[in-house]
Amino acid sequence: MRPRPPQSSARPAPPPDNGAARRFIEEGHYDRAEPLLLRALQKHPGDPEATLLLAFALGQQGRHAPALYHVERALERHPRQPHLLTEGARLATLCGPPGRAAELLDRALLAAPAHRAAVGGPADAFGRVLH
């Protein structure tokens, strides 16, 4: 019988629990959610849920450029995540370089053809921003 390699006692960290941050956001306390989500992203860089919540909280505070920055970093790890792509496109309409929003929306459509925000196009995805 062959010896088995030693098992590491270090276990991967569980995914972040963003419940407290989500509650702060639902209550409109975006500034209180932000540090919780930044800590979650330090432990789990690029976590899609934490990134989306952080981008939303920052966006609600009018801080669109930092929100887009976090979405772009998460897209480096999850380049086909449709919610990140559509949120990045929405933010890019507010503060991104010309053409970036359309590029991200096209990528969302390719990644998930049935994803509602991507299928509906800019009018559905960004109706509140454009009107």
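Select Gly62 to begin: this glycine follows helix H3 and has a positive phi, near 80°. Helices here are DSSP runs of H or I with at least four residues, strands are runs of E with at least two, and both are numbered from the N terminus. Now jump to Gly28, which sits just after H1 and takes a positive phi of about 85°.

A word on what you are viewing: this is a predicted model, in which local features need pLDDT of at least 70 and side-chain atom pairs count only at pLDDT 80 or more, while totals for chains, interfaces and linings use all residues. Residues are numbered from 1 along each chain as its sequence is written, and side-chain values use heavy atoms, with hydrogens and water left out.

**Stop 1: the whole chain**

Show the full chain as a cartoon. How many helices and strands are there in the protein chain? There are 8 helices and 0 strands, so read from the N terminus the elements go α-α-α-α-α-α-α-α.

Next, colour by pLDDT, the predictor's confidence in each residue, from 0 to 100. The chain has a mean of 81, and 76% of its residues reach 70 or more. Confidence is highest in H2, at 94, and lowest in helix H8 (residues 127-130), at a mean of 41. Select residues 125-131 as well: their pLDDT is below 50, and this stretch has 14 contacts in the model beyond near neighbours in sequence. A contact means heavy atoms within 4.5 Å. Then select residues 2-12, where pLDDT stays under 50 and the model has 0 contacts beyond four places in sequence.

**Stop 2: helix H3**

Select residues 48-60, which form helix H3. Try the distance tool on its end C-alpha atoms: they are 18 Å apart, in agreement with the 18 Å that its 13 residues should span at 1.5 Å a residue. The expected span is 1.5 Å times one less than the number of residues.

Which residues of H3 are buried? They are Pro48, Ala50, Thr51, Leu53, Leu54, Ala55, Ala57, Leu58 and Gly59. Buried means under 20% relative accessible area, exposed means over 50%, and partly exposed is in between (1.4 Å probe, protein chains only). Show H1, H2, H4 and H5 too, since the buried residues of H3 pack against them.

**Stop 3: an aromatic pair**

Stay on H3 and pick Phe56, which is partly exposed, with a relative accessible area of 35%. Add Tyr30, and you have an edge-to-face aromatic pair, 6.2 Å centre to centre with 70° between the planes. Rings of Phe, Tyr and Trp (its six-membered ring) pair if their centres lie within 6.5 Å; planes under 30 degrees apart count as stacked, over 60 as edge-to-face, and the rest as tilted. By this rule the count comes to 1 aromatic pair. Tyr30 is in helix H2 and Phe56 in helix H3, 26 residues apart, and the pair links these distant parts of the chain.

**Stop 4: helix H1 and Ile25**

Move to H1, where Gly19, Ala21, Phe24 and Ile25 are buried. These buried residues pack against H2 and H3. Select Ile25 and show its surroundings: leaving aside neighbours within four places in sequence, Ile25 is in contact with Tyr30, Ala33, Leu37, Leu53, Phe56 and Ala57.

**Stop 5: the nonpolar core**

Ile25 is also among the residues with the most contacts inside the largest nonpolar core, which has 29 residues. Such a core is a set of buried Ala, Val, Leu, Ile, Met, Phe, Trp, Tyr and Cys residues joined through side-chain atoms within 4.5 Å. Highlight Ala33, Leu37, Leu75, Leu85 and Leu91, which are named with Ile25 for the most contacts inside this core. Helices H1, H2, H3, H4, H5 and H6 each give two or more residues to the core, and H3 gives the most, with 6 residues.

**Stop 6: helix H4 and Val71**

Finish on helix H4, the home of Val71. Is Val71 buried or exposed? Val71 is buried, with a relative accessible area of 0%. Apart from neighbours within four places in sequence, Val71 is in contact with Thr51, Ala55, Leu84, Glu87, Gly88 and Leu91. Other buried residues of H4 include Ala67, Leu68 and His70, and the cover over the buried residues of H4 includes H2, H3, H5 and H6.
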